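User: Please take a close look at a single part of this structure and explain it to me step by step, as I am in my first year. I would also like to see how that part sits within the whole.

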Amino acid sequence: MVQPFTFDQLPSRIVFAPGALSQVGSEAERLGAERVMLVHDAMTGESANAVAAQLGDRLALRWNDVAQHVPVELAERARRAATDNSIDAIVTVGGGSSTGLAKALALSHRVPIVAVPTTYAGSEQTTIYGLTGGQHKQTGKDPIVLPRVVVYDPELTLGLPGSVTGPSAFNALAHSVEALWAPGCNPITSALALEGVRAIARSLPQAMSKPADVDARGDLLYGAALSGMALGATAAGLHHKLCHVLGGRFNLVHADAHSVILPHAIAFNAPVLPGEMARLADALGAPGKDPAGALWDLAVASGVPTRLADLNGSEGPLQREQLPGAADAAAAEITVNPRQVTRDDLLGILERAYDGKRPDV
């Protein structure tokens, strides 16, 4: 029997098709945009050029200075430029860093976003924003930062190297996995999350072995979209808080942190979530098995990072002696988790992730 629940459906339009990039201009016009700020990263110049041509006289400003975790100083510079150019909409082309900056702009200027994701970050489907300053990543929620339109074009992901594809897909997996028990979860968010896991688990090995397979790329993008929706309707939990701390304190690549931490965060919560873990194992194609181990195996098979010791931050490789400080910071951030968690528990998760051994549940 379905238990009573409340579900807030987020108001966002999705355009999903190979070649959908050609529809960005018409989507901006549909929103009534007249002075558009185009935000993109250095890797998406060609796609951004195509969008700029579609926007024509609607293009008021083009901005290609983006950085992961959205430093406050960068956001303030972009905001001043947006004000000087009287923008009334944002089009963003790129990964999570471009989307993150667009969200910071939407937050301050209260204007709509048209997002064109080129990775599997999934943040284009959430009301979550983040800004980083003083080695601390501050996150929050506001409906204005949810893109009004998301244009998914699998062809834009064909050039992603494996070093981006795999960790980015694990970023999306983390959204779905945590949504299964995060505050606000319900039968609808769980259905989205499990289908997202199924799509990613079946398509990631193919996309990694055959990067030009547009069908596999499309399946990955579909799974990432569902995962973003699931997270957007629930909340970030222990896993995401740990990744935010690692990113904010050490400037680790966000997606790489996800691929390393996820199996160990799942292993910690597994003892108190038998039903959710069984459904997750089924979705991963490993019925009756340990989903934490299955995720670690998928990471190894996909060639994504599995050890914090291998990750580099702004000051070089992460050091073991930096973990206690990260555990302290995470303990101050985590207020809700299915299993009671202490600072020492968090340090244990980080130490196991640092060593990169397969979780043993």
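Analyst: **From two cysteines to one helix**

With a relative accessibility of 34%, Cys 185 counts as partly exposed, because that class lies between the buried residues, under 20%, and the exposed ones, over 50%. The model is a predicted one, and a search through the whole of the structure turns up 0 disulfides. Cys 185 accordingly takes part in no disulfide, and the nearest cysteine sulfur, which belongs to Cys 243, is 20 Å away; a disulfide would need the two sulfur atoms within 2.5 Å. The statement holds from the other side too, since Cys 243 is in no disulfide and its nearest cysteine sulfur is that of Cys 185, 20 Å away. Cys 243 itself is buried, with a relative accessible area of 1%.

The part to examine closely is helix α11, which runs over residues 291-302. Its 12 residues, at 1.5 Å a residue, should span 16 Å, and because the C-alpha atoms at its ends are 16 Å apart, expectation and model agree. At the start of the helix, a side-chain oxygen of Asp 290 comes to within 3.0 Å of the backbone nitrogen of Ala 292, while just after the helix Gly 303 takes a positive phi of about 75 degrees.

How many of the residues of α11 are buried? The count is 9 of the 12, so the helix is largely enclosed by the rest of the structure. Those buried residues are Pro 291, Ala 292, Gly 293, Ala 294, Leu 295, Trp 296, Leu 298, Ala 299 and Ser 302. An α-helix has 3.6 residues a turn, so residues three or four places apart point the same way. As for what encloses α11, its buried residues pack against α5 (162-179), α6 (187-209), α9 (254-269) and α10 (274-283).

Two residues elsewhere help to place these neighbours. Thr 189 lies in helix α6 and is buried, with a relative accessible area of 0%. Setting aside residues up to four places away in sequence, Thr 189 touches Phe 7, Ala 179, Gly 184, Ala 230, Ala 233 and Thr 234. Leu 158, by contrast, belongs to the loop between β8 (149-152) and α5, and at a relative accessible area of 30% Leu 158 is partly exposed. Beyond its neighbours within four places in sequence, Leu 158 is in contact with Pro 211, Ala 212, Asp 213, Val 214 and Arg 217. From Leu 158 to Ala 353 there are 195 residues in sequence and 30 Å in space, taken from C-alpha to C-alpha.

Stepping back to the whole, the protein chain contains 13 helices and 10 strands. Its radius of gyration is 19 Å, close to the 21 Å that the globule rule gives for 361 residues, so the chain is as compact as a globular protein of that length. The C-alpha trace spans about 60 × 45 × 40 Å along its principal axes, and buried residues make up 56% of the chain. Among the contacts with a separation of 6 or more, 75% join residues that are 24 or more positions apart. Finally, the accessible surface of the chain amounts to about 14400 Å², and carbon and sulfur atoms contribute 51% of that area.

Note on methods: Residues numbered from 1 in each chain as written. Predicted model: local features only at pLDDT ≥ 70, side-chain atom pairs only at ≥ 80, totals over all residues. Heavy atoms only, no water. Helix = DSSP H or I, 4+ residues; strand = E, 2+ residues; numbered from the N terminus. Expected span 1.5 Å × (residues − 1). Buried < 20%, exposed > 50% of the residue type's maximum accessible area, 1.4 Å probe, protein only. Contact = heavy atoms within 4.5 Å. Polar contact = N/O pair within 3.5 Å; in protein donor to acceptor, adjacent residues only side chain to side chain. Rg over C-alpha atoms; globule rule 2.2 N^0.38 Å. Areas by Shrake-Rupley, 256 points an atom, 1.4 Å probe, with all protein chains shown as cover.
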